Amino acid sequence: MKIFFSFFLAGSLAFAASLANTQLRGEYVEARTVDVWTGPCFANSEVGLTGELAVMGWKVEKGVFDGVDLAGLAVMGVVRASHTLGDTFHTSYPVKAVMIVDEKANPEQQLALRRFAQRMSGDLLQDVVRTYARPIAFSLDGSIHDRKATMIAGDLAMLQTRAIEERDAICHSNEGVWYPPLTTLDHAMPAVAIVHQYKGGGLNTTWSSPDKRSAFVGTFVLPN
């Protein structure tokens with residue numbers, strides 16, 4: 001009986017370790033052309049007029065998706081919606097999207113990165129009008145509650161954030177997270193987008209929307 005239990009325990013530990021190694025986890029950053037951390041005094045002046053454009057990016061720390069190892073790779077999605085993203089009173093659809101996959105990924109990994117981003121973003125990245133392969137650089141500086149993130153996809157897209165500070169308040173005591181992140185996250189913090197730009201094609205527009213309280217920095221975990 002003791003021998004059987006030992007084998008059972010060893011097998012359980014090995015299975016748990018296997019799950020931990022294949023579980024997909026990593027870092028995330030997004031920015032939009034609307035303040036996500038704000039109050040009604042400011043949000044009501046933006047809804048329906050802006051906020052239909054966004055860039056989002058995932059950097060995989062480790063894990064497997066659809067049987068493909070994506071450790072160390074990144075993917076970005078760029079969207080142009082028909083209305084302010086996150087408005088609960090009006091649909092944002094139809095939405096056109098551009099996908100940017102990590103240039104160092106092999107063809108199988110690039111397809112898996114695309115499917116992973118579509119899984120994480122719901123319907124936002126379903127209508128992909130163009131896909132690019134570019135070198136994607138991602139870096140973090142700061143604690144989990146004060147993260148400064150930078151994500152650059154070649155010459156196409158760039159996000160850079162800093163923590164929200166007291167000087168960023170406009171509505172003061174009424175301010176908070178007005179719109180949730182565009183993807184499911186394990187942890188998320190609103191941030192200021194120092195840089196938020198897209199210079200590529202496919203969406204009939206390019207943009208630069210710096211110095212807005214329009215970003216989220218977070219972590220994701222995708223169970224098997």
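Start with the whole protein shown as a surface. Its accessible surface comes to about 11,000 Å², and 55% of that belongs to carbon and sulfur atoms. Keep in mind that this is a predicted model. Switch to a cartoon view and look for 3 helices and 15 strands. Of the 224 residues, 46% count as buried. Among contacts with a separation of 6 or more, 72% are between residues 24 or more positions apart.

**Stop 1: the largest nonpolar core**

Select Trp 58, Leu 70, Val 79, Phe 116 and Phe 220. These residues have the most contacts inside the largest nonpolar core, which has 31 residues. Next, colour the elements that each supply at least two residues of this core: strands E1 (24-32), E3 (53-62), E6 (74-80), E7 (96-102) and E15 (212-222), together with helix H3 (107-120). Which of them gives the most? H3 does, with 5 residues. As background, nonpolar side chains in soluble globular proteins tend to be buried together.

**Stop 2: helix H3**

Select residues 107-120 to isolate H3. Which residues of this helix are buried? They are Gln 109, Ala 112, Leu 113, Phe 116, Ala 117, Gln 118 and Met 120. Now take the distance between the C-alpha atoms at the two ends of H3, which is 20 Å. This agrees with expectation, because 14 residues at 1.5 Å a residue should span 20 Å.

Move to the N-terminal end of H3, where Asn 106 acts as a cap. A side-chain oxygen of Asn 106 lies 3.1 Å from the backbone nitrogen of Glu 108. Then go to the other side and find Gly 122, just after H3, which takes a positive phi of about 65°.

**Stop 3: Val 79 and a second core**

Select Val 79 and show what surrounds this residue. Leaving aside neighbours within four places in sequence, Val 79 is in contact with residues including Glu 52, Leu 53, Met 56, Leu 85, Val 95, Leu 124, Leu 203 and Trp 207. Leu 53 and Leu 203 belong to a second, separate core of 25 residues, which also includes Ala 149 and Met 151.

**Stop 4: Thr 161**

Finish at Thr 161, in strand E11 (residues 157-163). Is Thr 161 buried or exposed? Its relative accessible area is 4%, so Thr 161 is buried, the cut-off for buried being under 20%. Show its contacts, not counting residues up to four places away in sequence: among them are Val 29, Arg 147, Lys 148, Ala 149, Ile 194, Ala 215 and Val 217. Ala 149 is one of the residues of the second core visited at the previous stop.

How values were computed. Residues are numbered from 1 along each chain as its sequence is written. This is a predicted model: local features need pLDDT of at least 70, side-chain atom pairs count only at pLDDT 80 or more; totals for chains, interfaces and linings use all residues. Side-chain values use heavy atoms; hydrogens and water are left out. A nonpolar core is a set of buried Ala, Val, Leu, Ile, Met, Phe, Trp, Tyr and Cys residues joined through side-chain atoms within 4.5 Å. Buried means under 20% relative accessible area, exposed over 50%, partly exposed in between (1.4 Å probe, protein chains only). Helices (H or I, at least four residues) and strands (E, at least two) are DSSP runs, numbered from the N terminus. Contact means heavy atoms within 4.5 Å. Accessible areas come from the Shrake-Rupley method with a 1.4 Å probe; for residues, only the protein chains shown count as cover. The expected span of a helix is 1.5 Å times one less than its number of residues. A polar contact is a pair of N or O atoms within 3.5 Å; within protein, one must be able to donate a hydrogen and the other to accept it, and residues adjacent in sequence count only if both atoms are side-chain atoms.
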